[in-house]
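The following paragraphs are meant to be read alongside the sequence and the coordinates. They proceed from individual residues to the core and then to the enclosed and open spaces.

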Amino acid sequence: MDSFAAAPPGAETAGHKDGSLLQPDTRGINAFDDDRSLAALLGLYLAPADLATLTPTFHRLGDLIGGRLDELAHTADRNPPVLHHRDRNGDDRQRIEKHPAYVEMERIGFGELAMAAMSHRPALGLDKPVPHAAKYAIQYLFAQSEFGLLCPISMTDALTRTIRRYADPALVDRYLAGLTAETLEEHIQGAMFMTERAAGSDVGATVTRAVPDGDGWRLYGDKWFCSNTDAGLALVLARPDGAPPGIKGVSLFLLPRDLPDGSHNAYRIVRLKDKLGTRSMASGEITLEGAKAWMVGPAGQGFVQMAEMVNQSRLSNAVRAAGMMRRALREALTVARGRKAFGRRLIDLPLQRRQLVKLMLPTEQALSMCLFTADALARADAGDAEGAALRRILTPLLKFRVCRDARKVTGDAMEARGGVGYIEEWIEPRLVRDSHLGSIWEGTSNIVALDVLRAARKEHAHAALAASLGARMAAAGLPEARRARLTGLVGRAAAAVDAAAAASPDGDRRARTVASGLYHAASACLLACDGALLGDPRRTALADLVIRHKLTARDPLEAEDGGEAELEELLLG
């Protein structure tokens, strides 16, 4: 059977005699067809020919989310991987047993969708690599069913990007075909082994040793958090013997799981982590016992080179968080439209409408910001200086705000379903569990908020963002009054970032506040521009709500002016 085909919806959903559903859900709903925003916005970021070629893939993936992929993700979450240290003869041959549901998801993600390879070779019917906006749209959709597998997919993509940029060409030639293979059996997956017990965010505290050995190096030490633990290749940070302390002494190495002669490399998996979320995907601890590795790029530049992989993973994390918010919103809207209480549909109850809009607002902000950042990445890769500056500040900005918003949106959507939403048979608990990881992986909220200030301090990237938004508003033809108001808000937000960056270290205490302000001002601009370019009053209304709720001081005890109800009707009517 074609694994792209949607599975039957399963058990019938019980209903009342009046036709209203007891527990309506999104089974059978095509996640792409149901997302007016995504379909419309892709028209702004993709060439018409590319969009026409890729639209069938979006539709097929939308069907998967409404059926088969959801089933696989649920099964894999309830059957996490198992580490076996010995084979049945008692020999020390470690392997990680993955549930067949997870393996089938790997086949879809790595094989049929080519999600890890699509930036590095032609895929999905195109005669060129898939544009970044489309790649992240596919991740955004996939995350609405499965978050965990997107970690190996993203790391494989980012590892390939990093070694192509920095590694010896002979090393790239050795592994590139496997990293971009078309079938799961031939595919080499990637990972990064960076964290140590005393060196989490403080990479300069890395103590893993690197010792020269012929044409390569031998690595010794422990790595504390290694996701996709049994990956075929991993990028590892280590300190060559005699290197100086701190970040300047850390180098980057490519570590193969298996050596060219077929033997297993000299490291072992100590245990797998028992995690709150992403249970389907193996994360573990490893001990390096003289493992063979090759240095990537010049010595002492490990953190700079690893930052390339980390930044790609950060952007992917934000996109995944945006996707989980979309799924949570869709579930909440489906419940509100399908259930009745006290003789009325839930969506017709004023307080429920207000809460649904509060779920919708950060979800739509995230989508506009993610696609804008994907476009900036494409421009940066093409050598555009402004695109590089935008990517530099937008990546940590999204990682900070979108991942935090996802925690609240998924939690409130669970509440929208009520007590049943707390039961593991439904998707809401998994969304809540998985959403918390985005704020931790590849830099906690504090770390990435401080990175926003660093981008402003060292590269004036906030000024580039303000200028880019100004040009976008002009091109979109926003009415003068709206444009002037948004320009003022962006200017104030950029000035706040500038002041905090200049006052370091005292200004660091405001990093999260000013990063949030810049995110909200930028998203308000993008929503307004999207609304004008698409002729969509809903996105204009969302821009107004960002200004009202996120950028304007309000007295919580003061009566509303009535405008909120009109906006809610426009968004939910």
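**A guided reading of the model**

Leaving aside its neighbours within four places in sequence, R209 is in contact with R218, L219, Y220, A238, R239 and D241. The model in which these contacts are found is a predicted one. R209 belongs to strand β4, which covers residues 209–213. With one of the residues just listed, D241, the side chain of R209 forms a polar contact of 2.8 Å. R209 has a relative accessible area of 40%, and therefore counts as partly exposed, since the buried class requires a value under 20% and the exposed class a value over 50%. A further reference point is F253, which is 44 residues from R209 along the chain, with 11 Å between the two C-alpha atoms.

The next residue to consider is S435, located in helix α11. Is S435 buried or exposed? Its relative accessible area is 2%, so S435 is buried. Beyond four places in sequence, the residues in contact with S435 are M324, C403, A406, R407 and T410. The side chains of S435 and T410 are also joined by a polar contact of 3.2 Å.

Helix α9, spanning residues 350–381, contains T363. T363 is counted as buried because its relative accessibility is 0%. A polar atom of the T363 side chain lies 2.8 Å from the backbone oxygen of L359. When residues up to four places away in sequence are not counted, T363 touches M325, R326, L329 and V409.

A third buried residue may be examined in helix α15, residues 511–534, where A521 is found. The relative accessible area of A521 is 2%, and A521 is therefore buried. A521 touches L489, V490, A493 and L551, again with residues up to four places away in sequence left out. I547 is 26 residues from A521 in sequence, and their C-alpha atoms are 7.7 Å apart in space.

From single residues the description now turns to the nonpolar interior. The largest nonpolar core comprises 179 residues, and F58, L394 and L465 have the most contacts inside it. Helix α8, residues 302–338, provides the largest share of this core, with 16 residues. Around F58, the residues touched are F32, L42, L51, A134, A137, I138 and L141, if residues up to four places away in sequence are not counted.

Empty space is the remaining topic. Rolling a probe the size of a water molecule over the atoms reveals where such space is left. How many cavities of 30 Å³ or more does the structure hold? There are 2 cavities of that volume or above. The largest cavity contains about 60 Å³ of space. Its lining consists of L38, Y136, A137, Y140, V319, L367, C370 and L371. Helices α5 (132–142) and α9 are the elements that give two or more residues to this lining. By class, the lining of the largest cavity has 8 nonpolar residues, with no polar and no charged ones. A137 thus appears in this lining, and A137 is also among the residues touched by F58.

The second largest cavity holds about 40 Å³. H74, D77, R78, E424, W426, I427, R430 and R433 line the second largest cavity. Two or more of its lining residues come from each of α3 (68–78) and α11 (428–435), and α3 supplies the largest share, 3 residues. The lining of the second largest cavity divides into 2 nonpolar, 1 polar and 5 charged residues.

The description ends with the open space. The largest pocket has a volume of about 1400 Å³. Of the 44 residues lining the largest pocket, M194, F303, V310, R314 and E442 are the closest to its centre. At least two residues of the lining are supplied by each of α6 (150–166), β5 (216–227), α8, α10 (385–417) and α12 (445–459). Helix α8 thus contributes to the lining of the largest pocket and also gives the largest share of the largest nonpolar core. By class, the lining of the largest pocket comprises 22 nonpolar, 11 polar and 11 charged residues.

Key: Residues are numbered from 1 along each chain as its sequence is written. This is a predicted model: local features need pLDDT of at least 70, side-chain atom pairs count only at pLDDT 80 or more; totals for chains, interfaces and linings use all residues. Side-chain values use heavy atoms; hydrogens and water are left out. Helices (H or I, at least four residues) and strands (E, at least two) are DSSP runs, numbered from the N terminus. Buried means under 20% relative accessible area, exposed over 50%, partly exposed in between (1.4 Å probe, protein chains only). A polar contact is a pair of N or O atoms within 3.5 Å; within protein, one must be able to donate a hydrogen and the other to accept it, and residues adjacent in sequence count only if both atoms are side-chain atoms. Contact means heavy atoms within 4.5 Å. A nonpolar core is a set of buried Ala, Val, Leu, Ile, Met, Phe, Trp, Tyr and Cys residues joined through side-chain atoms within 4.5 Å. On a 1 Å grid over the protein atoms alone, a cavity is a set of points where a 1.4 Å probe fits but cannot get out, and a pocket is an open set with protein on both sides within 12 Å along at least five of seven lines; lining residues have an atom within 4 Å of a point. Grid points are joined across faces, edges and corners, and a volume is the space filled by probe spheres set on the points. Ala, Val, Leu, Ile, Met, Phe, Trp, Tyr, Cys and Pro count as nonpolar, Asp, Glu, Lys and Arg as charged, and the others, Gly among them, as polar.
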